[in-house]
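Got your viewer open? Here is a friendly walk through one protein, stop by stop.

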Amino acid sequence: LAGAGTPAAVGQPLTSTSSSSLFPDGHVPKGISQDDVQLLEALDEAVASLGSEAKPDHFLVEAREKVRLAYRDKAALLKRDWTDEMFQDGEDLNEDRVAEIEALLATGLSRSGAGLEDGGNLGAALDLVGAYMKNYKLDKAESVLARCGAHVSARGGVWMVKWLNHISTVRMKQGRNLEALEMLYELELYSPYSAEEAPEFFETLNRNLAWALKSLGRIEEAAVYFQRMAGASKSHKGSLDWFDCWDIGKILVARAYKEGDMPAFYKAREMVEDSLRMQIEAEPEDRVMRAKVHDSLAECYLIVNEFEGAERNYNAAYDLLLETVGRLSPLFGKQARHSANLCIAQERHEEALPFLREALAVEAEKDAVKVFEVMELVDLLVNAHQRSASEAPPAAVSEGVAPSHPALRQLRKNLKRRGLDNSKEYAVLCHKMSLVYLHESQQDSRGLKRAVRLAKESLKLLQAVQGNKDTADWLRMAELHLRMLLSARRSTSDGARAGAAL
């Protein structure tokens with residue numbers, strides 16, 4: 001099923017009536033080669049020449065039906081029309097398009113009368129997973145992959161390769177990089193291809209292995225796989241493209257900075273600069289990827305305190321993602337946090353607060369939410385509040401609406417729905433969220449009440465899970481914090497009564 005010969009042009013009309021019944025829209029799907037089409041037409045002609053002898057049990061008829069089925073499965077396996085959509089028309093239109101794709105799959109399942117045991121339906125479901133991943137709908141992606149698992153396993157071969165590639169990508173997007181790495185090693189070990197037979201496959205596999213290793217801080221091992229990726233890329237493209245230069249430039253920057261080799265660092269940064277120029281020239285329509293390259297380049301400037309270059313590229317990435325994926329995309333949330341990091345590095349804490357709140361709003365809704373990651377973000381928010389108190393007076397907001405309250409409320413709901421609200425870490429997070437409400441109580445009269453409620457929840461959880469020194473330290477801190485809040489609330493109430501009496 002790997003295909004042979006020159007691929008037929010996508011959208012090329014079929015000449016044979018029988019072949020047209022194989023592809024009902026009358027056009028050749030991606031991945032079906034010219035040789036494939038010619039073989040089908042030759043089999044159709046052979047069967048037609050049998051005349052009245054063309055019975056279902058005739059070996060030529062049976063052979064034709066087996067080839068038809070194999071090519072239907074091949075077209076289904078290679079289907080990625082939805083995966084290849086860019087989804088960069090803004091949050092609302094992207095959501096509408098995903099809903100349309102879901103409806104198309106549901107309609108196809110209904111019309112076929114078969115389930116995922118049918119190759120066409122199974123291929124469409126895996127294509128839907130690709131669309132989900134691009135839009136960071138990771139819960140839905142994982143759910144569909146779980147439903148597909150048994151049917152993929154029954155087919156084996158390249159179906160299993162595609163399924164493993166999808167599930168490993170979901171794991172990486174969920175931040176479960178060690179699990180993703182193990183799956184990618186399985187792919188590498190059990191691939192039905194050799195590097196010579198399928199250089200494109202190995203380019204992608206080696207790239208993903210390098211990404212997973214880099215995310216785990218294993219820079220030297222990642223560099224090995226990026227080198228393999230470059231070799232596979234050159235073997236089928238002839239030279240490195242912008243994507244290759246971007247990946248290689250990033251790993252060289254990381255390694256040079258780690259080793260303190262600044263000449264190598266600046267040379268590698270130039271490679272990332274070049275990849276941005278190449279991307280704009282080669283794929284000007286792909287604004288999401290351009291934003292990612294801008295972000296990488298900004299980081300290369302920020303790490304050496306070259307703030308002007310960092311701000312220029314962070315601003316470009318922020319604007320591109322705002323207009324393409326919208327405010328609730330994890331891509332945008334990550335970008336907002338990076339912009340906040342730049343402000344914090346420059347001691348501009350008041351300016352960091354809106355970016356941190358935008359990042360928090362994304363975390364609150366995110367499928368792959370993690371207590372540790374949110375705790376780190378809330379910590380930044382608390383510190384920015386503390387540091388900005390002397391920079392400028394708090395901005396006025398509408399009565400009863402604290403800037404962070406909607407996101408904090410949604411975050412708690414999200415964590416509770418996933419069963420992540422009963423640990424020591426969640427108790428510490430409640431303590432930190434209480435601090436956010438305390439800082440914002442100057443802007444929102446309900447802030448102090450919300451701070452007390454979360455402080456009580458933090459104390460209750462810490463009392464339930466105490467048992468080591470770290471927990472005991474947090475417990476003492478939580479008790480002190482709650483006493484302080486209750487005292488502040490009494491003082492506020494007394495002041496309000498005194499004012500009313502006057």
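The tour below starts with the whole chain and then moves from helix to core to aromatic rings.

**The whole chain**

Keep in mind throughout that this is a predicted model. Show the protein as a cartoon, and you will have 21 helices and zero strands on screen. Of its 502 residues, 47% count as buried. Among the contacts between residues at least 6 apart in sequence, 64% join residues at least 24 apart. Switch to a surface view next: the protein exposes about 24600 Å², and carbon and sulfur atoms supply 54% of that.

**Helix 14**

Now select residues 307-324, which make up helix 14. How far apart are its end C-alpha atoms? They are 25 Å apart, which agrees with the 26 Å that 18 residues should span at 1.5 Å a residue. Colour the buried residues of this helix, among them Gly 309, Asn 313, Tyr 314, Tyr 318 and Leu 321. Then bring up what covers them, including helix 4 (91-112), helix 12 (262-282) and helix 13 (287-302). Helix 15 (330-345) and helix 16 (349-365) are also part of that cover. Just after helix 14, click on Gly 326, whose phi is positive, near 90 degrees.

**A proline in helix 15**

Step along to Pro 330, found in helix 15. Pro 330 is buried, with a relative accessible area of 17%. Leaving out residues up to four places away in sequence, Pro 330 touches Tyr 136, Val 362 and Lys 366. For a long-range partner, draw a line from Pro 330 to Lys 173: the two are 157 residues apart in sequence, yet their C-alpha atoms are 9.7 Å apart.

**Helix 17 and the largest core**

Select residues 371-388 for helix 17, whose 18 residues reach 25 Å from first C-alpha to last, close to the expected 26 Å. Its buried residues include Val 371, Val 374, Met 375, Val 378 and His 385. They pack against helix 15, helix 16, helix 18 (405-417) and helix 19 (424-440).

Which residues touch the most other members of the largest nonpolar core? Of its 54 residues, they are Leu 360, Val 378, Leu 411, Leu 429 and Met 433. Helix 19 supplies the largest share of this core, nine residues. Zoom in on Leu 429: beyond its neighbours within four places in sequence, this leucine is in contact with Val 371, Val 374, Met 375, Val 378 and Leu 415. A second, separate core has 53 residues, including Leu 116, Val 129, Leu 205 and Phe 226.

**Aromatic rings**

The structure holds nine aromatic pairs. Start with Trp 242 and Phe 243, a stacked pair with centres 5.1 Å apart and 15 degrees between the planes. Trp 242 is buried at 5% relative accessible area, whereas Phe 243 counts as partly exposed at 23%. Next, pick Tyr 257 and Phe 265, a tilted pair at 5.9 Å centre to centre and 55 degrees between the planes. Here Tyr 257 is partly exposed at 37%, and Phe 265 is buried at 0%.

Go back to Trp 242 and Phe 243 and add Trp 211 and Trp 246; these four form one aromatic cluster. Over the ring of Trp 246 sits the charged end of Lys 250, 3.7 Å from the ring centre.

**Last stop: Ser 296**

Finish on Ser 296 in helix 13. With 9% relative accessibility, Ser 296 counts as buried. Apart from neighbours within four places in sequence, Ser 296 is in contact with Trp 246, Lys 250 and Val 272.

Definitions and conventions:
Residues are numbered from 1 along each chain as its sequence is written. This is a predicted model: local features need pLDDT of at least 70, side-chain atom pairs count only at pLDDT 80 or more; totals for chains, interfaces and linings use all residues. Side-chain values use heavy atoms; hydrogens and water are left out. Helices (H or I, at least four residues) and strands (E, at least two) are DSSP runs, numbered from the N terminus. The expected span of a helix is 1.5 Å times one less than its number of residues. Buried means under 20% relative accessible area, exposed over 50%, partly exposed in between (1.4 Å probe, protein chains only). Contact means heavy atoms within 4.5 Å. Accessible areas come from the Shrake-Rupley method with a 1.4 Å probe; for residues, only the protein chains shown count as cover. A nonpolar core is a set of buried Ala, Val, Leu, Ile, Met, Phe, Trp, Tyr and Cys residues joined through side-chain atoms within 4.5 Å. Rings of Phe, Tyr and Trp (its six-membered ring) pair if their centres lie within 6.5 Å; planes under 30 degrees apart count as stacked, over 60 as edge-to-face and the rest as tilted. A charge sits over a ring if NZ of Lys or CZ of Arg is within 6 Å of the ring centre and within 35 degrees of the ring normal.
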